[in-house]
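Got your viewer open? Here is a short tour, one selection at a time.

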Amino acid sequence: MAILSFHLCLGDLRYSISEERRRGSTVGQIAQDLEMDTKTLSSRKPRVDFEGTKRYCDINPQPGELVVNERIDREALCGQKQSCVIYFDFFLENPLELHRVTLEIQDINDNAPKFRNEAIDLEIRESAIKGARFSLDEAYDPDFGTNSVQSYTLSANEHFILSPQRGADRGRLPEIVLENELDREKQDRLSLILTAYDGGSPQRTGSVVVNIRVLDANDNVPVFTQPVYEVSLPENVLVETVVVRVTASDADEGLNGEVTYEFSYLSIDSENLFTIDQKTGEIKVKGEIDFEESSSFELRIRAKDGAGQATSCTVLINVVDVNDNAPVIIIKSLNTPVLENLPSGSEIGILYVQDKDSTSNGDIKCSIEQQVPFKLVPSVKNHFALVTTTELDRERQAEYNISVTATDGGATPLLSSKTFHLSVADVNDNAPIFEKQLYSAHVAENNKPGSSVLSVTAKDTDWRQNGTVVYSLLSSDINGASVSSFLSINGDTGVIHAVRSFDYEQLKSFKVLVLARDNGSPPLSSNVTVSVSITDENDNTPQILYPSPGGISLMTEMVPKAAQTGTLVSKVIAVDADSGQNAWLSYHIIKSSDSGLFTIGVHSGEIRTQRDLSESDSMKQNLIVSVRDNGQPSLSATCALYLVISDNLAEVPELKEMSHDESSSKLTFYLIIALVSVSTFFLTFIIIILAVRFCRRRKPRLMFDGAVAIPSAYLPPNYAEVEGAGTLRSTYNYDAYLTTGSRTSDFKFVRSYNEGTLTADLTLKKPQSAVEDLEGLDAGMSVSLQV
C-alpha cells in the first residue's frame, strides 16, 4: 500500500471564461500550468470539488484540460455584481496535493433590455410649459457593464424629445422634454415609442409604447422628501416587516394632488422579495432574505399624481449578515486505511468547513473532541489538514472513530460535528513470540516413532499473513546425526513428533532450536530452545557377570568342612544397564539343596553359611540364585552355583569317574580321526596318547591359578570392568585345577581377604550333575577372578 504524503499548494490557479460556453469547452491547460505531463496527471487521479451541488467544470486527463461540465449563467450566479468568480478545489493523489482554483465568469450580451410594463401611460396638462421634464420607466438588462442598457431613443414627434444623458446617467431613468406646447383641442392623445439599447456586440434592444393623454392644466409634479433612501435590513427579518416608507407630496389640489407609488425598476429577485403599498409608499418584505444570496438591493420607486405626472427616487437596502448558518464539515480527502508505521506528523486527510456567513460569523475553529493520535492543522482558508501526532500501532488499536467539531465566530456561536471512521493497516512490525522462554519435554525410552513429544506455541500480534506463524526446526547435529532424524515439527500447529524410538542407555538428553517465522514481507522470526530428556524404562534384564551365565563354564566353589557360621563361600556379581531404581539389584536364593545351610546378601550378592557345617551335610550343594532389579515391572536373571563341601577334590569319586568316562569317549573320537586321517602315524599317536594319560594320572594340573579375573566376555556392552566396586564388596582369590587327560578336576580354595574365610587344599571328584556343565571346556584352562 502506497503512503500518501500531503502537500498544500498555496498558489491559486486562475482561469477566465465567458458565460454560456457549450459543454466540453476548454477552460485551461491545467497539466501545462502545473508543469506536469498528461500521463503523470492521469496516474495521479485528478478530481475537482465544488461546494454546491453543481459541477461547473471537470477534468479531461488525457489532454490535461479543465473543461466546462454544466451551463454557466453569469446573471444567475452573480446578478449585477461587478466581479463574478467561482471557487473550487483541484486534487491530485500520490502525493496528495490541493490547488485552489479561481474561475472568473465573463459576461456576454445574451440578454436584451426589457421594460417592466408593456406600455407607459402619461397624463400631461396642456398648460405644461416648454422644457418641462417627464420621467419614464427605465429598461432592465441583467447583463453587466457595457452589455447592460446604455442609451434610449424616442420615436420622432413634434412635441417631445429625449433628454440627453451624460456619463453616469446613461442607462438610468429616461426623461422626455416638452419641446413644443400641447394643445388638447388639436390632439388629446399621443403615442411614442421608447427604445432601450445595450452596449453589447451584437447590440440588443427593447421597446415600450408611451401613451400620453393631454389634460387640462396640472401645475405641480410629485416631489419625494429625499432622492435616495438607504436602509439596513437583517437577513432574518420576518415577512411583512416594513423596510422603509417613501413619501412624495404634490402641491396640487384634488385629483392632481393625489400621489400613488409603484416600482419603476425592479430585478427579478427583488420582485419576489419586496412589495410596495401604492397609497402609503410602505415597502415591505415579501419573501425570505438571505445575505448569502444577495447582500444588497436597489429599488427604483416612482410617485405619480392623479394627472399622470411622476417623479422617481432610489431605495438602497443593505442586508446585514446574521449568524444563521452552522458550519458544515466536508471531508475533501481521507487516506484510509493508514499504515501503522507512518511517521508522526504525517498528513492523511483534508477537511473543509463551509460557513456561508461573513465577517466574524464565518470565522471557523475546528478541533477533535476525543483523545486520539491525530490533530487538525489549519491551512488554506477553512481547510484543515488531519495530521498524526504519534506513530500508530495497529496491534494496540486498529480502528478510530474521529469526532470533529467546528465552531463559528458569531456572537452566539453555532457548531456542528462530524464523525468519520479511520482504520489502521497492518505492517509486519512484530516478530512471533513464544509463550515460554524454554520448553522442556520428557519422553520415555522405547517410544513409538511418530508419537507426540510436546507442542510449542508462538503468537504474532500482526494481522492476516503478517500474523500467520510457521514452525520449523533449525538444522543441527545430535551425536553426529541430523536433528531431522530425531524429531519433526508440524509447521502449522507447532506439535513436535519423535521420528525414532529413543534409547536412554544411548542418549539421555538433547536440545534443539525451534524457529517461528511469520509470512510477512520481509518475514520476521524468533527461536526457542527445546530441551528433550529421555526417561529410563526398565527394559534391561540384569546381567550376571559371575558365575558365568548360560553354562559357558562350570564354576565350582569348594567349601571347607570346617567352615563356620558367616563364612563367605562365594559371591554373585551382576550389573544392570538401566539407571536409577531400575538398576537397583537384589539377590535371592530361589532354590537350594539345603535351604538352611546358605544365605545370600540381598544387596551384596555374597553367599555365606548360615550355620557351622556338619558331617551330615551333603558334600554336593546346588544353589539357584535370582537377581532382580527394582523396575516396574521387575526383571530378573538366574544362575546356578555348585558348591562342594570338602577339603580335597580327590574325596569326590563321582567327579573322577565322570571325568574318566568323558575323557575315554573323547579319546575314542580322537583315535578314529587319527586312524582315518593319518594311518602312517598311527603308532606314534598311540604312544602320545598313552603318555598323556599316564601324565594326567600322576600329576594334576592347575585349573585356577592366582586371582580369578572376570573375562571381558562377561561384561555387557557399555560397561567397564569392575574392580573393587559395584556389588562385590571384598576381594577374593580362587584357584581351580583340571587335569588334562583324565578330566579329573582339582579345585583349590586359596585365600579370602575376609576374616570369615578359610584356606584349604582339597581335591574332589566332580559330581555327576556337573558333568554336563563341563562339556566343551578346554583342558588346562586357567581363570583368575579378582573383584
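**A three-stranded stop**

Start with an open sheet of three strands, ordered 47-51-50 and paired antiparallel. Keep in mind that you are looking at a predicted model. Select 568–571 for strand 47 and 598–600 for strand 50: these are the edge strands, each pairing on one side only. On average, neighbouring strands in this sheet are turned by 25 degrees against each other, direction ignored.

Now add residues 606–609, which make up strand 51; three bridges join this strand to strand 50, and the two run antiparallel. Show Ile600 as sticks and look across to strand 51, where Ile607 stands opposite.

**Over to Ile329**

Next, pick Ile329 in strand 26 (residues 328–334). Is Ile329 buried or exposed? Ile329 counts as buried because its relative accessibility is 9%, under the 20% cut-off. Leaving out residues up to four places away in sequence, Ile329 touches Leu351, Tyr352, Val353, Val404, Thr405, Ala406, Ser416, Ser417 and Lys418. Try a distance label to Ser416: 87 residues apart along the chain, the two C-alpha atoms are separated by 7.5 Å.

**Into the cores**

Finish with the largest nonpolar core, which has 29 residues; Leu487 and Val514 touch the most other members. Strands that each supply at least two residues of this core include strand 35 (438–444), strand 43 (509–518) and strand 44 (525–535). Centre on Leu487 and you'll find among its contacts, beyond four places in sequence, Val453, Leu473, Phe510, Val512 and Val532. For a last selection, try Tyr229, Val237, Val244 and Val285, which are included in a second, separate core of 28 residues.

Definitions and conventions:
Residues are numbered from 1 along each chain as its sequence is written. This is a predicted model: local features need pLDDT of at least 70, side-chain atom pairs count only at pLDDT 80 or more; totals for chains, interfaces and linings use all residues. Side-chain values use heavy atoms; hydrogens and water are left out. A nonpolar core is a set of buried Ala, Val, Leu, Ile, Met, Phe, Trp, Tyr and Cys residues joined through side-chain atoms within 4.5 Å. Buried means under 20% relative accessible area, exposed over 50%, partly exposed in between (1.4 Å probe, protein chains only). Helices (H or I, at least four residues) and strands (E, at least two) are DSSP runs, numbered from the N terminus. Contact means heavy atoms within 4.5 Å. Two strands pair if DSSP finds at least two bridges between them. Axes are lines fitted to C-alpha atoms, for helices over the stretch in contact, and angles run from 0 to 180 degrees between N-to-C directions.
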